[in-house]
Amino acid sequence: MRVGVLASGRGSNLQALLRAFPEGHPCVSITCVMSNRPECLALTHARSAGVVAPAFPRSAYGSRVEQQRAMAAALVAAHVDLVVLAGYDQVLTSSLLQPFAGRIINIHPSLLPAFAGTLHAQAEAVAYGVKLSGCTVHYVIEEIDQGPIIAQAAVPVYDSDTEDSLAQRILEQEHQLLPAVVKWIAEGRVRIEGRRVVILGGSGQCEHC
Ligand code: GRF
């Protein structure tokens, strides 16, 4: 399975994917990494790993739709099967959503549907006083953070937590969960049934994984 990763920031989830699926992995290839932010660390990590990593800055295009149309064309040209949003900070438009419908996943640092549609989910979780938080990997649809949930991991929230300490605890789970989901999809074990996602046990597993 050929995977294209979209990232805008420090790229720690991308690094987790590159560790899980190094070059030559028998079932998953991190084929390309793309960003809207030319200077982001994620692009540096990708290039150090020898992965093609172009930037598509918003300023180079007339609109977000056109920018994402160019990204979609590059993903199609790279024969990408699955698009992974790993800290990608732009809302997706139809020019990217349509050609990859049902083939885009995102990782969000909360237990959705709690704290959806925000870039500050961990701070909001601490401020709200929830006792559990975590991360969610879900399919991407037009409505932000509302696509079918594939997998979640929970962590405790302690009285002493700050945004940073909770974010770090959640991040450790993100780095496990995202590669696990990518592997399940590569194995053909993830089936969307309306709003729900079913993980098929055992069947279709890659003999190498
Ligand atoms: C992660 O917390 C992810 O859940 C959110 O953006 C952050 C990206 O972190 N969508 P990194 O760039 O992968 O380190």
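Helices here are DSSP runs of H or I with at least four residues, strands are runs of E with at least two, and both are numbered from the N terminus. With that in hand, Q67 can be placed in helix α3, residues 64–77. Before going further, keep in mind that this is a predicted model, where local features need pLDDT of at least 70 and side-chain atom pairs count only at pLDDT 80 or more, while totals for chains, interfaces and linings use all residues. Residues are numbered from 1 along each chain as its sequence is written, and side-chain values use heavy atoms, with hydrogens and water left out.

Let's begin with the sheet. Two strands count as paired if DSSP finds at least two bridges between them. On that basis, 6 strands make an open sheet with mixed pairing, in the order β2-β1-β3-β4-β5-β6. Its edge strands are β2 and β6 (149–156), each of which pairs on one side only. From one strand to the next, the twist averages 20 degrees; for angles like this, axes are lines fitted to C-alpha atoms (for helices, over the stretch in contact), and the values run from 0 to 180 degrees between N-to-C directions.

Now look at the β2 edge. Strand β1 (residues 2–6) and β2 run parallel and are joined by 5 bridges, with V5 standing opposite V33 in β2. Although β2 is an edge strand, the strand, which spans residues 29–34, is mostly covered, with 5 of its 6 residues buried. Buried means under 20% relative accessible area, exposed means over 50%, and partly exposed is in between, using a 1.4 Å probe and protein chains only. Helix α1 (residues 12–20) joins β1 and β2 in a right-handed β-α-β unit. Right-handed here means that, with the strands pointing away from the viewer, the path from the first strand over the helix to the second runs clockwise.

Further along the sheet, strand β4 (residues 104–108) and strand β5 (residues 132–139) run antiparallel, joined by 4 bridges. In this pair, I105 stands opposite Y139 in β5.

Next, the helices on the sheet. Contact, in what follows, means heavy atoms within 4.5 Å. Helix α1 lies across β1, β2, β3 (82–85) and β4, and runs at about 160 degrees to β2. Helix α6 (residues 163–186) also packs on the sheet, touching β1, β3, β4, β5 and β6, and its direction makes about 155 degrees with that of β6.

Back to Q67, then. What does its side chain reach at 2.8 Å? The partner is the backbone oxygen of F56. The side chains of Q67 and Q90 are also joined by a polar contact of 2.7 Å. A polar contact is a pair of N or O atoms within 3.5 Å; within protein, one must be able to donate a hydrogen and the other to accept it, and residues adjacent in sequence count only if both atoms are side-chain atoms. Q67 itself is buried, at 0% relative accessible area. Leaving aside neighbours within four places in sequence, Q67 is in contact with N36, F56, P57, R58, Y61, Y88 and Q90.

On to the charged pairs. A salt bridge is a side-chain nitrogen of Lys or Arg within 4 Å of a carboxyl oxygen of Asp or Glu, and the structure holds 6 of them. One of these links the side chains of R169 and D161 at 2.7 Å, N to O; D161 is buried, with a relative accessible area of 8%. Elsewhere, K183, E187 and R189 are linked in a network of salt bridges. Within that network, K183 and E187 meet at 3.2 Å, and E187 and R189 meet at 3.1 Å. How accessible are these residues? E187 counts as buried at 3%, R189 counts as buried at 12%, and K183 is partly exposed at 28%.

Finally, a look at the backbone. Most residues other than glycine have a negative phi, and most peptide bonds are trans. The bond from L112 to P113, however, is cis, with omega near 10 degrees. P113 sits in the loop between β4 and α5 (121–128). F115 lies in the loop between β4 and α5 too, and has a positive phi of about 55 degrees while being buried at 15% relative accessibility. In the loop between β5 and β6 you'll find D145, whose phi is near 60 degrees and which counts as buried at 12%.
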